[in-house]
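Subject: Structure for you to look at

Hello,

Please find the structure below, with notes on what was found in it after that.

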There are 2 protein chains.
Amino acid sequence: MDNYIEQLRNHNLKATPQRTAIAHSLDNHGHLSVEQLYELLKQSFSTLSLATIYKNINIMTKNSFVSEVKIPEQKSVYELTKAKHSHFVCRNCNEVHDIAFDLDEIIQNASKKTESTIESAHLVFSGVCHQCKS
Amino acid sequence: MDNYIEQLRNHNLKATPQRTAIAHSLDNHGHLSVEQLYELLKQSFSTLSLATIYKNINIMTKNSFVSEVKIPEQKSVYELTKAKHSHFVCRNCNEVHDIAFDLDEIIQNASKKTESTIESAHLVFSGVCHQCKS
DNA sequence: TTAAATGCAAAAAATTTGCAGACGT
DNA sequence: ACGTCTGCAAATTTTTTGCATTTAA
């Protein structure tokens, strides 16, 4: 992604320097926790407050500009909202990566097994990443 | 499940009344949050401490007697550890239900798309449950 | 009998809130 | 100019810890 200012405005978010920096960091790093975002952005904004990160992550999530990813045994990480996909987390380095995966097919399959109406699915894989194997 | 005392001991956990009650509640209700467990068990143990729930959930999770289930937009719930399965959460009533689903096939499929070694998968469906539709 | 569990209180960690001043539009 | 955002401090919520007493085995 690029042009964070326009993207933020499209999501009804004023484009403050802190917010464009959050967007930039998430775009660059892929997935970051609240604490990681804070540590990163403190370098650019010496007076940055943790409360600002929380307030922004909350409103950005509510406005679908970012998405929370809940990982087993770990703190949540956040990413820029993208097309539906799944995640992989390395149990060695804890890095989170995107994995393309057709969730629609899974949803259709699971729908056959329940009386409920399934609308979405969240899938997280765990294992050992390429780098950590070597 | 039944015979919680033996099950607890099999997981290197002393069978205290509080622990058998936790096991019993999880068995009955399926999925409970820390707070829900506390509110439930307080009725049987007037002096029960929240710290006891936390300590027990933590050690029970570490010893694989219970498993944490992370649900999008909600607090974690806990369940007795069972054979691998997936979950469904109703966005109306927030109830969590088990869904049988062959995760191995998904893992094999996803493995083709990554250099990483996938060892496990966590899948959570969201939608509207049977009761809430009517 | 002994190591471990409970309950309480206190501490620590995580998240939210209120408000004055600054800033985006 | 207006409404929103930021940063700070304080408040709240969530989770952990230490310790004296009790309890399971």
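In these notes, two residues are in contact when they have heavy atoms within 4.5 Å of each other. By that rule, 34 residues of chain B are in contact with 34 residues of chain A.

Some conventions before the rest. This is a predicted model, in which local features need pLDDT of at least 70 and side-chain atom pairs count only at pLDDT 80 or more, while totals for chains, interfaces and linings use all residues. Residues are numbered from 1 along each chain as its sequence is written, chains are lettered from A and ligands numbered from 1 in the order in which they are written, and side-chain values use heavy atoms, with hydrogens and water left out.

The chain

Chain A has six helices and five strands; helices (H or I, at least four residues) and strands (E, at least two) are DSSP runs numbered from the N terminus. Along the sequence the order is α-α-α-α-β-β-β-β-α-β-α. The C-alpha trace of chain A spans about 50 × 40 × 25 Å along its principal axes.

Within chain A, strand β3 (residues 86–90) runs parallel to β5(A), joined to it by four bridges; strands are taken to pair if DSSP finds at least two bridges between them. In this pairing A:H87 has A:V124 of β5(A) as its bridge partner.

How the two copies are related

A turn of 180° with a shift of 0.0 Å along the axis lays chain B on chain A with an RMSD of 0.0 Å, the superposition being by least squares on the C-alpha atoms of residues with pLDDT of at least 70 in both copies. That is the relation of a two-fold axis. In chain B, the C-alpha nearest the axis belongs to B:L123, at 2.3 Å from it.

The interface

The copies meet through the same surface, because 100% of the interface residues of chain B are also interface residues in chain A. About 2700 Å² is buried between the two chains, and carbon and sulfur atoms give 55% of that area. Buried area here is the accessible area (1.4 Å probe) that two parts lose on being put together, summed over both.

Strand β5 (residues 117–128) of chain A also pairs across the interface: 11 bridges join it to β5(B), and the two run antiparallel. A:F125 has B:A121 as its bridge partner in β5(B), and A:H122 stands opposite B:V124.

Between chain B and chain A there are 18 residue pairs in polar contact (both residues at pLDDT 80 or more). A polar contact is a pair of N or O atoms within 3.5 Å; within protein, one must be able to donate a hydrogen and the other to accept it, and residues adjacent in sequence count only if both atoms are side-chain atoms.

On the side of chain B that touches chain A, the elements giving two or more residues are α5 (103–111), β5 (117–128) and α6 (130–133) of chain B. The largest share, 12 residues, comes from β5(B).

Salt bridges

Which residue forms a salt bridge with A:E119? B:R91 does, with the closest N and O atoms 2.8 Å apart. This pair crosses between chains, from the loop between β3 (86–90) and β4 (96–99) of chain B to strand β5 of chain A. A salt bridge is a side-chain nitrogen of Lys or Arg within 4 Å of a carboxyl oxygen of Asp or Glu. The rule finds two across the interface and eight over all chains.

Regards
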